[in-house]
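Let's take a walk through a protein model together. Keep the picture open while you read, and look up each residue as it comes along.

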Amino acid sequence: MRNWFQYIVLLVVLLITWQYFGSSNNTVKILISSPTACLQYFSENKQQLLGAVAITAFESIIGLIAATGIAFILMGLCFRFPSFYKFILPIVLTTQVIPLITLAPFFILWLGIGVSSKIALAATISFYPVFMNFATGYNAISSNIFDLLDIYKAKRSFRILKVYFPLSLPNIFTGLKVAATLSVIGAIVAEFSGTDNGLGKNLLLSSIRIEPELMMLSIFFSALVGGALFGFIFLIERISGKWYLNSNKY
């Protein structure tokens with residue numbers, strides 16, 4: 001409770017400072033406006049702003065789901081064919097050499113200016129942390145457990161569902177929490193290259209039109225979407241990962 005009180009006090013101090021300088025200093029007003037001006041802008045453009053939030057949130061969520069599904073499918077193939085992991089790992093690592101945000105124009109040319117191209121980039125950026133953390137969790141399993149499974153000749157389905165997946169959960173959720181914020185970044189970056197609506201478009205327009213209220217509100221809602229996705233993953237982990245969270249110090 002004490003920590004929450006400190007955060008609230010810090011937030012109030014920041015808002016008061018922002019309001020003071022945003023109202024009294026013309027340079028600050030042009031750069032980041034003020035809280036009251038942002039609230040007024042929101043009340044006048046509520047429908048358009050919330051529509052942009054909904055679109056970007058949808059792109060981020062579907063991109064994260066797609067990335068998680070692909071990562072799980074590939075790890076399933078790695079469980080079934082151990083040599084496949086050695087084959088695909090260099091390919092996955094090589095893809096990270098490419099600055100993924102540069103792929104936004106490619107996805108737009110391939111899938112069009114609609115939400116499909118934004119989902120594709122969000123999934124591409126989100127895939128790596130999910131897959132690599134899942135693989136790390138699997139590789140961290142003790143060799144004694146594998147020996148025990150071999151002695152009892154456990155079925156592959158039992159190994160995956162009852163051993164590999166549960167013991168990899170801490171790493172899987174770590175990857176998902178990282179990917180949750182990356183998916184929002186991927187969707188917004190893709191929107192920079194062209195879209196009908198979205199937070200990325202609003203951020204781009206705010207710099208062209210010099211509208212600091214639109215910029216600050218878009219940044220706030222971007223953080224809100226990313227925080228909501230992170231919080232949802234965190235909540236699922238609290239429910240399904242009690243067996244290992246109870247032993248953590250933090």
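## Salt bridges to start with

In this predicted model, the side chains of Glu237 and Lys177 meet in a salt bridge, with N and O 2.9 Å apart. This pair ties together distant parts of the chain: Glu237 belongs to helix 11 (residues 212-240) and Lys177 to helix 9, and 60 residues separate them. Are the two partners buried or exposed? Glu237 has a relative accessible area of 4%, so it is buried. Lys177 comes out at 18%, and because the cut-off for buried is under 20%, Lys177 is buried too.

How many salt bridges does a search of the whole structure find? The count is 3. Here they are side by side:

| Salt bridge | N to O distance |
|---|---|
| Glu237 and Lys177 | 2.9 Å |
| Arg159 and Asp150 | 2.9 Å |
| Glu211 and Arg209 | 3.9 Å |

Now look at the Arg159 and Asp150 pair. Arg159 has a relative accessibility of 14%, so it counts as buried. Asp150, on the other hand, has a relative accessible area of 45%. Buried means under 20% and exposed means over 50%, with partly exposed in between, so Asp150 lands in the partly exposed group. As for the Glu211 and Arg209 pair, Glu211 is buried, with a relative accessible area of 19%.

## The whole chain

Time to zoom out. The chain has 12 helices and 0 strands, so if you read the elements from the N terminus on, you get α-α-α-α-α-α-α-α-α-α-α-α. Its C-alpha atoms fill a box of roughly 75 × 50 × 30 Å, taken along the principal axes. There are 250 residues in the chain, and 39% of them count as buried. Contacts that link far-off stretches show up as well: among contacts between residues at least 6 apart in sequence, 70% join residues at least 24 apart.

## Two pairs of helices

Start with helix 3 (35-44) and helix 4 (residues 46-80). Their axes come within 5 Å and cross at roughly 90°. Angles of 65 to 115 degrees count as roughly perpendicular, so helix 3 is roughly perpendicular to helix 4. Helix 3 brings Tyr41, Phe42, Ser43 and Glu44 to the contact, while helix 4 brings Lys46, Leu49 and Leu50. Sorted by type, the residues of this contact are 4 nonpolar, 1 polar and 2 charged.

Next, try helix 8 (143-151) and helix 9 (156-192). The axes of helix 8 and helix 9 come within 12 Å and cross at roughly 170°. An angle over 145 degrees counts as roughly antiparallel, so that is the label for helix 8 and helix 9. On the helix 8 side you'll find Ile145, Phe146, Leu149 and Asp150, and on the helix 9 side Phe158, Arg159, Val163, Tyr164 and Leu167. This contact divides into 7 nonpolar, no polar and 2 charged residues. Two of the names should ring a bell: Arg159 and Asp150 are the partners in one of the salt bridges in the table.

## Two loop residues with positive phi

Ser33 and Lys153 are worth finding in the picture. Phi of Ser33 is near 55°, a positive value in a residue other than glycine. Ser33 sits in the loop between helix 2 (26-32) and helix 3. Phi of Lys153 is near 50°, again positive in a residue that isn't glycine, and Lys153 lies in the loop between helix 8 and helix 9.

Which of them is buried, and which is exposed? Ser33 has 1% relative accessibility, so Ser33 counts as buried. Lys153 has 71%, so Lys153 counts as exposed.

## A few buried residues

Asn202 is part of helix 10 (residues 199-209). With 2% relative accessibility, Asn202 counts as buried. What does Asn202 touch, leaving out residues up to four places away in sequence? Its contacts are Gln48, Leu49, Ala52, Leu214 and Ser218. Leu49 also appeared earlier, in the contact between helix 3 and helix 4.

Finally, the cysteines Cys38 and Cys78. Cys38 counts as buried at 4% relative accessibility, and Cys78 is buried with a relative accessible area of 5%. The disulfide count for the structure is 0.

How values were computed: Residues numbered from 1 in each chain as written. Predicted model: local features only at pLDDT ≥ 70, side-chain atom pairs only at ≥ 80, totals over all residues. Heavy atoms only, no water. Helix = DSSP H or I, 4+ residues; strand = E, 2+ residues; numbered from the N terminus. Buried < 20%, exposed > 50% of the residue type's maximum accessible area, 1.4 Å probe, protein only. Disulfide = S-S within 2.5 Å. Axes fitted to C-alpha atoms, helices over the stretch in contact; angles between N-to-C directions. Parallel < 35°, antiparallel > 145°, perpendicular 65-115°, else oblique. Contact = heavy atoms within 4.5 Å. Nonpolar A, V, L, I, M, F, W, Y, C, P; charged D, E, K, R; others polar. Salt bridge = Lys/Arg side-chain N within 4 Å of Asp/Glu carboxyl O.
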